Amino acid sequence: MDRLAAQRKRLDAACRAAGRKPGEVTLVAVTKTYPAADVVRLASLGVIDIGENRDQEAAAKAREVEAEGVAVRWHFIGQLQRNKARSVARYAYMIHSVDGVRLARTLADAVRRERDALLEVLVQVSVDGDPARGGAVDAPDAEDRALWRVVDAVAEAPDALRLRGVMAVAPQGWEPVAAYQRLAGLAERLRAEHPGATAVSAGMSGDFEEAVAAGATHVRIGSAILGIRQPPGVT
Ligand SMILES: *Cc1c(COP(=O)(O)O)cnc(C)c1O
């Protein structure tokens, strides 16, 4: 996979440019729309952090990959409906997209029923506070309550959920640098209260360099590794 090698080089270069150690940023390979065989192939090349954004697709892929005897860590990065919580709790290592108090509580219950290991949780924030965008907690300013309510709901379930940090997607029309610096500010405030919440999931194929410069610990890379996805409905 030439594209994987190239992506790894660019990620290492972005780390060095930011004065960070290559290797301190986790590459999450986003395999949505690609088959389980690609996950197995990535794992054989040392990429064991795998991102998916739809439960139906991810659950089936997780079963196939497990049947091959291959172990990876599934990162759920898409908007999550509460009625999918039990399914996701069966295979996910980390959920990047916890965006509400009720979802946090439902996930905690699902973890208690479905597994022994804690589920790692990131709270997804909307850095511009646009309520029209689904899947993100409104976090427009330092006083924002919604974000901290979700944080508290996760922190209140330490027997099931491990609060690990925050995630964001740069809003349309924003400079990625500005968006990710804002996210970094929220992450710093979160760490002040929850020292274990050190993760910042930010950056995709088009803007991971800016995210790494702003302190991302996890980048979510799909098309740069696997190729451009077909639009839905096109076969
Ligand atoms: C699909 C997706 C990615 C990866 O996007 P690319 O541009 O293909 O790298 C990252 N994050 C989320 C939330 C996604 O849904």
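Q: In which hand, left or right, does helix α2 pass helix α3 in this predicted model?
A: In this predicted model, α2 passes α3 in a right-handed crossing. The term right-handed applies because the near helix is turned clockwise from the far one by less than a right angle.

Q: What makes α2 oblique to α3?
A: The axes of α2 (residues 36–44) and α3 (residues 55–67) cross at roughly 50° and come within 9 Å. Angles under 35 degrees count as roughly parallel, and those from 65 to 115 as roughly perpendicular. The crossing of roughly 50° falls in neither range, and therefore α2 is oblique to α3.

Q: Which residues of α2 and α3 meet?
A: Ala 36, Val 39 and Val 40 in α2 meet Lys 61, Glu 64 and Val 65 in α3, where contact requires heavy atoms within 4.5 Å. By class, this contact of α2 with α3 comprises four nonpolar, no polar and two charged residues. Lys and Glu count as charged, whereas Ala and Val count as nonpolar.

Q: Why is α6 called oblique to α7?
A: The axes of α6 (residues 145–155) and α7 (residues 176–193) come within 12 Å and cross at roughly 45°. That angle makes α6 oblique to α7. The crossing of α6 and α7 is right-handed.

Q: Which residues of α6 meet which residues of α7?
A: From α6, Leu 147, Trp 148 and Val 151 meet Leu 186, Arg 189 and Leu 190 of α7. The contact of α6 with α7 has five nonpolar, no polar and one charged residues.

Q: Which residues surround the ligand?
A: Val 30, Lys 32, Ile 77, Met 204, Ser 205, Arg 220, Ile 221, Gly 222, Ser 223 and Arg 229 surround the ligand.

Q: What makes the pairing of Arg 220 with the ligand a polar contact?
A: A side-chain N or O atom of Arg 220 is 2.9 Å from a nitrogen atom of the ligand, and the cut-off for such a pair is within 3.5 Å. A backbone N or O atom of Gly 222 lies 2.8 Å from a ligand oxygen atom. For Arg 229, a side-chain N or O atom is 2.8 Å from an oxygen atom of the ligand.

Note on methods
Residues numbered from 1 in each chain as written. Predicted model: local features only at pLDDT ≥ 70, side-chain atom pairs only at ≥ 80, totals over all residues. Heavy atoms only, no water. Axes fitted to C-alpha atoms, helices over the stretch in contact; angles between N-to-C directions. Helix = DSSP H or I, 4+ residues; strand = E, 2+ residues; numbered from the N terminus. Parallel < 35°, antiparallel > 145°, perpendicular 65-115°, else oblique. Near = heavy atom within 4 Å. Polar contact = N/O pair within 3.5 Å; in protein donor to acceptor, adjacent residues only side chain to side chain.
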